[in-house]
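Please work through the exercises below with the sequence and the coordinates open beside you. Each task is followed by a solution that proceeds step by step.

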Amino acid sequence: MNKKMLKRVLILSIVLVFLFTTGAARVFYLTLVRGEELALKAESQQLKDTEISAMRGTIYDSQGNVLAKSATVWNIFIDPLEIDNEEDRQLIVDEFSKLFKYDDEEKAALYEKTKAQNHYQIVEKKVENNVKEKISKFVSKHRLADCVGSEQTTKRYYPYGSLASSVLGFTGSDDQGLSGIESYYDEELTGTNGRIITAKDAVSNKIANDYETSVEATDGNSVVLTINQTIQYYLEKGLNETLNEYQAKGAYGIVMNCNTGAVLAMASLPDFDCNNPYKLTYSKDKKAIKKLKDKDEKAVAESAAVQRQWRNFTVSDTYVPGSVFKTFMASAALEENIANLDTSYTCTGSIQVDQYTMKCHYHPGHGTENFTQGLENSCNPFFITIGQKLGVHNYFKYFDAFGFTQKTNIDLPGEASPQYYKENQYGIVELSSASFGQTNSLTPIQVCSGICAIANGGTLMKPYLVSSIVDTDGKTVKKTEPTAVRQVISAETSQTVREMMRSVVDNGTGKNGYVAGYRVGGKTGTSTKLGESAEGEGDKYIVSFAAIAPSDNPEIAMLIIVDEPNQDLGGGALCAPIAAQVTEEAMSVLGIEPKYDENEIKNISKPTPNIINSSIEDAQKILKENSLNYFVIGNGDTVVRQSPSGDSTVPKNATVFIYAEETEKQTTKVPDFTGLTVTEAKDLANMNNLNLEISGNNMNSGTVVAYRQSEEKGSKVEKGSVITVSFKNTQSVLD
């Protein structure tokens, strides 16, 4: 072989060795260095991974009513690379624009999506099934199955809108709980999403089902609340009426089973619709924001108002409890034997404490009063002397024992810490002020839990909202057992204070809390919101009423609060009527029968005898025997119709309208009873051929007036119908 040929072979060999070495190095680099990265990239190009949303668990009330649930909805998407002509592109844009009511800008944005260089563009999220069906028909009609698709997801629904909204909370767009029970129990409610993994060919088209793998979604667990829907409804109804009538900043309430700590109802108004939590609801806030001229200022104010609607004041805020706190002072004094029911004090309208004159709300003074009367009258000087006798150490011992130095650890997010003086921070002035409920700031849930301890025999119970957690098969995976925190006072002291609280309702500042047959115990309260009044304005108040029922064997404890009403009315006028209404409904729901005393029995309503098909003569005789009046309509001999109907409940001396022949119902318009005394309301009812059922504070005096009626004024009802009218005392002290 000549030198020239040898040189060529050598060069060729070197080139081959170089190429082989380079190739080997490349293989080594791609396999060992970037192998895992490239494998994942190849997998992503060869496999389509579709997530299947798990259903979030349902939230039930204590009776099994659904308060929050998830349902299937759909995400609508397009595959731009499959839209290969302008006609289809325009067809899709026009149909979606019409269906979802797009404006020109939104329509143009969708058009740009149809030209994207990928296989997936979301058009609309969480579309209801009826809309998805319209899209499916459109796709089928125009043979656009390769261009338009849908994927299953879930959406949260709240069937009762705003009911218990501050308790339930709401979820975000990603189905994560953002507040309330939805947030606190998010881990339990959230399920595990499933997946469908599908093989794709070189141009990203789906291939045979043999290459498809699926993992089913696991739905979240459900939670069962202690909330009773009916009690919750009436609590919110009463709070809402008062909130709007008195244009208050807020109205809040808690109803608890005093023996277990279970929360039966909890509300913080103004509230929100859980289905649309970002919408402002309170008319007062809307009007205030509308007056603002600056656009940015208006946006900030609206955002703040919306967030305030989400806030659960009963748990997340503190307030000065005012005279409701006197029930705890009475408990401590009796337990420590520094006072008894015979302990007396002469109130002159004020008391000197160091260099300060502390006044009673009744400036002329209550005169000489015993311990029960001191609570009935909510006498500040009396309780200042009680606090001073008790002393700082004993005062703070019970303050701590009732749970006022720590959170309750209720199962809700954002519980506030109490703001209070430590034991070594009290002087005579601070102790005196604290003795009638000033100085310290507590959460409403703390105060209501303390009232439960007074009611149940002296045991502080931990409050809770979830009674159990159940899985998708209905199996209970967790059950909440009532938790006793500590024994605070003796059963004897508990009974004595309950009797004193009953006397507050029967004889004192809490008369509007009266409910016939249920012996309600209560305590009114008022506290001044120091430093919160603008120059030129009067003081701002927060007023309250604590209640227990029945006082001789309590089942429920309640706290009602109204924040900054627009009139100087105390808890007796504003909060006690709400408590009375809720108590009456709660007793019925809980199956607790009323026990009427002799005076109540005289005025108790009774069933109407059924006199249909009786002779007119016999019917009149039957009605007379039942102390009922009658009015005959027609000239027949037999009763063919009656109003009120048989077995309906009517008040004493009611009038029954007897139809002696077939004729049209005789109707009358319901008058407006608002502001009338009991006597005036009875007269007006008689004039309009109606029967009046009296509810609430029925003391027949000029200061007791009607404030609510069962039928709206102006509505048409049959003559003889029973209209329930609620009365309350409007002369209320700021105690």
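The exercises that follow concern a predicted model, and they move from the whole chain to single residues.

**Exercise 1. Describe the overall make-up of the protein, including its burial and its contacts.**

Solution. Begin with the secondary structure, which comprises 23 helices and 31 strands. Next, consider burial: of the 735 residues of the protein, 49% count as buried. Then turn to the surface, where the protein exposes about 35,900 Å², with 47% of it supplied by carbon and sulfur atoms. Finally, take the contacts with a separation of 6 or more, of which 72% are accounted for by residues 24 or more positions apart.

**Exercise 2. Determine where Lys719 lies, and what its charge finds around it.**

Solution. First locate Lys719, which belongs to the loop between strand E30 (716–718) and strand E31 (722–729). The second step concerns its charge: Lys719 is buried yet has no salt bridge, and the nearest side chain of opposite charge, that of Glu718, is 10 Å away. This agrees with the cut-off, because a salt bridge calls for a side-chain nitrogen of Lys or Arg within 4 Å of a carboxyl oxygen of Asp or Glu. As a last step, list the contacts of Lys719 while leaving out residues up to four places away in sequence; they are Ser643, Phe657, Gln666, Thr667, Thr668 and Asn689.

**Exercise 3. Identify the residues that gather with Asp103 in a patch of charge, and state the sign of that charge.**

Solution. Asp103 is placed in the loop between helix H3 (86–99) and helix H4 (104–113). On the surface, Asp103 gathers with Asp104, Glu105 and Glu106 in a patch of negative charge. For the accessibility step, note that Asp103 has a relative accessible area of 41% and is therefore partly exposed. That value can be held against the requirement for patch members, which is over 30% relative accessible area and no salt bridge.

**Exercise 4. Place Trp310 in its helix and trace its contacts.**

Solution. Trp310 lies in helix H11, which covers residues 295–310. Its relative accessible area is 23%, so Trp310 counts as partly exposed. Setting aside neighbours within four places in sequence, the contacts of Trp310 are Phe170, Phe272, Pro277 and Tyr278. A further step compares sequence with space: Trp310 and Gly180 are 130 residues apart in sequence, while their C-alpha atoms are 8.8 Å apart.

**Exercise 5. Which peptide bonds before Pro270 and Pro550 are cis or trans?**

Solution. The bond that joins Leu269 and Pro270 is cis, with omega about 5 degrees, and Pro270 sits in the loop between strand E10 (263–269) and helix H10 (283–290). The bond from Ala549 to Pro550 is likewise cis, with omega near -20 degrees, and Pro550 is found in the loop between strand E20 (541–549) and strand E21 (556–563).

**Exercise 6. Give the sign of phi for Arg143 and Asp354, and decide whether each residue is buried or exposed.**

Solution. Take Arg143 to begin with: its phi is near 55 degrees, a positive value in a residue other than glycine. Arg143 occupies the loop between helix H5 (129–142) and strand E5 (148–157), and it counts as exposed because its relative accessibility is 77%. Asp354 also has a positive phi, about 55 degrees, although it is not a glycine. Its place is the loop between strand E12 (350–353) and strand E13 (356–359), and with a relative accessible area of 56% Asp354 is exposed.

Key: Residues are numbered from 1 along each chain as its sequence is written. This is a predicted model: local features need pLDDT of at least 70, side-chain atom pairs count only at pLDDT 80 or more; totals for chains, interfaces and linings use all residues. Side-chain values use heavy atoms; hydrogens and water are left out. Patches are made of residues with over 30% relative accessible area and no salt bridge: like charges are joined within 9 Å, nonpolar side chains (Val, Leu, Ile, Met, Phe, Trp, Tyr) within 5 Å. Accessible areas come from the Shrake-Rupley method with a 1.4 Å probe; for residues, only the protein chains shown count as cover. Lys and Arg count as positive and Asp and Glu as negative; His and the chain ends are not counted. The place of a charge is taken as NZ of Lys, CZ of Arg, CG of Asp or CD of Glu. Helices (H or I, at least four residues) and strands (E, at least two) are DSSP runs, numbered from the N terminus. Buried means under 20% relative accessible area, exposed over 50%, partly exposed in between (1.4 Å probe, protein chains only). Contact means heavy atoms within 4.5 Å.
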